[in-house]
Amino acid sequence: MESFGQGASHAGSRYFVVTEDLIEKCQQDYVAGRDLGRTVFYLNADEVTIIAVESLEADHILGSLPQVIGKSLPPETGDWALACLAELLLQGAGDASQMKRISKAVPDQMRHDAWDVLERVLDSPTASRMLWYQDIYFDVAQEFRIKKDLRAIDLVKRGLAHDLRYHEGGNGENTLRDLAEFYMWLDQLDRGLALFSGLLHNDPGDVWTYNAMTFTFGRVGLVGLGLEAVRRGLELVEATGDPEKLHDQLIDAQDRLHKGEKRGREAEVDPSVLAALRAALALDFDAGPREPVAVLCRKLVPDLDQVQVKRRLTVSDLTYTPARRPLSPQAARKLGRNDPCWCGSGKKFKHCHWRWDRRG
């Protein structure tokens, strides 16, 4: 999908799970007052309404730029529009950082504002069906991790709980590895190593766990333990034929570990935790119960069910009320290219729905 402001018809975000064509179809049918139960076969009328209203709100807010920048948005602004605004701020920060005459403070402030907006997305009570929240949780958590802020751990857990609730834990094992890494980056070595140990005990034949360990251990000063993990990972690759194509990556990790300057932090680890991990590293690759992901997540993160999860957004939660009026192809042709678009985005017709309406 094209980014908003670069020729796209609609506000966009990397966190979307819908296409621009679907957004356009939902908007057109909603504004025209058509039977939304027939818009697309795999969505019901309420789902089409939510897509249309959320995306029209985003188009309207971002169509009002630059007035929006620097002003506080209404508290009821939807997650969809906020995610689009964050995307725009991050793109703007990247562009501004390349301009020699722009002070470094400008892109820094834009990035700061973008992360604040994404935090607001995560703190709202409802979740849009059309945003991939796991990536938002992870990205904001990364910002906290860089700042050594322990709130990063809570955000990763919230992403995991959201995944279990709405996506059956499809990314659960990856998120557990992320959580283990975050613990270690934030100097909670025992908790991170215990989590890695639990992952290995469940499935010692998962090469991605060895890969994550080798990536992290050297950077936090566990070079000796990292070399044990990479050796075991390479043995697994040799035994399985390297279906995940990780051999070269593991070799690179091994080289970095040998060159690592931070060493010796194994002495800071609880001996029982260290012994459990080494026992897990010695398991046969075909051992392990390989429990269902939901069971594994709750076993390794005992407080997971106490983590608050956003509820699904419903039609009754929508606060933005875009106009609904039939617009036939003949009516669309009466609009001038430079007239405001009928959808309320604030953009000129030629930069918004013109190319779609002319298809009629």
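In the predicted model, the buried residues of helix α9 are Val 207, Thr 209, Tyr 210, Asn 211, Ala 212, Met 213, Thr 214, Thr 216 and Phe 217. The helix, which spans residues 207-217, is thus mostly covered, with 9 of its 11 residues buried. The packing partners of these buried residues are α7, α8, α10 (223-240), α11 (247-259) and α12 (271-281). At the N-terminal end of α9, Asp 206 acts as a cap: one of its side-chain oxygens lies 3.0 Å from the backbone nitrogen of Trp 208.

Several of these residues recur in the surroundings of Arg 177, a residue of helix α7 (residues 172-185). Arg 177 has a relative accessibility of 7% and counts as buried because this value falls under 20%. Its side chain forms a polar contact with the side chain of Thr 209, at 3.1 Å. Thr 209 is itself among the buried residues of α9. When neighbours within four places in sequence are left aside, the residues in contact with Arg 177 are Phe 196, Leu 199, Asp 206, Trp 208, Thr 209 and Ala 212. This set includes Asp 206, the capping residue of α9, as well as Ala 212, which is listed among the buried residues of that helix.

Arg 177 also takes part in the lining of an internal cavity. A search of the whole structure returned 1 cavity of 30 Å³ or more, and the volume of the largest cavity is about 40 Å³. The lining of the largest cavity consists of Glu 173, Arg 177, Leu 199, Asn 202, Asp 203, Asp 206, Thr 209 and Leu 296. Helices α7 and α8 (189-202) are the elements that contribute two or more residues to this lining. By residue class, the lining comprises 2 nonpolar, 2 polar and 4 charged residues. Both partners of the polar contact between the side chains of Arg 177 and Thr 209 belong to the lining. Leu 199 and Asp 206, likewise lining residues, are in contact with Arg 177.

Cysteine pairing was examined over the whole structure, and 0 disulfides were found. Cys 26 has a relative accessibility of 0% and therefore counts as buried. The value for Cys 297 is also 0%, so that this residue is likewise classed as buried.

Methods: Residues numbered from 1 in each chain as written. Predicted model: local features only at pLDDT ≥ 70, side-chain atom pairs only at ≥ 80, totals over all residues. Heavy atoms only, no water. Helix = DSSP H or I, 4+ residues; strand = E, 2+ residues; numbered from the N terminus. Buried < 20%, exposed > 50% of the residue type's maximum accessible area, 1.4 Å probe, protein only. Polar contact = N/O pair within 3.5 Å; in protein donor to acceptor, adjacent residues only side chain to side chain. Contact = heavy atoms within 4.5 Å. 1 Å grid on protein atoms, 1.4 Å probe; cavity = no way out; pocket = protein on both sides within 12 Å on 5 of 7 lines; lining within 4 Å. Points joined across faces, edges and corners; volume = space filled by probe spheres on them. Nonpolar A, V, L, I, M, F, W, Y, C, P; charged D, E, K, R; others polar. Disulfide = S-S within 2.5 Å.
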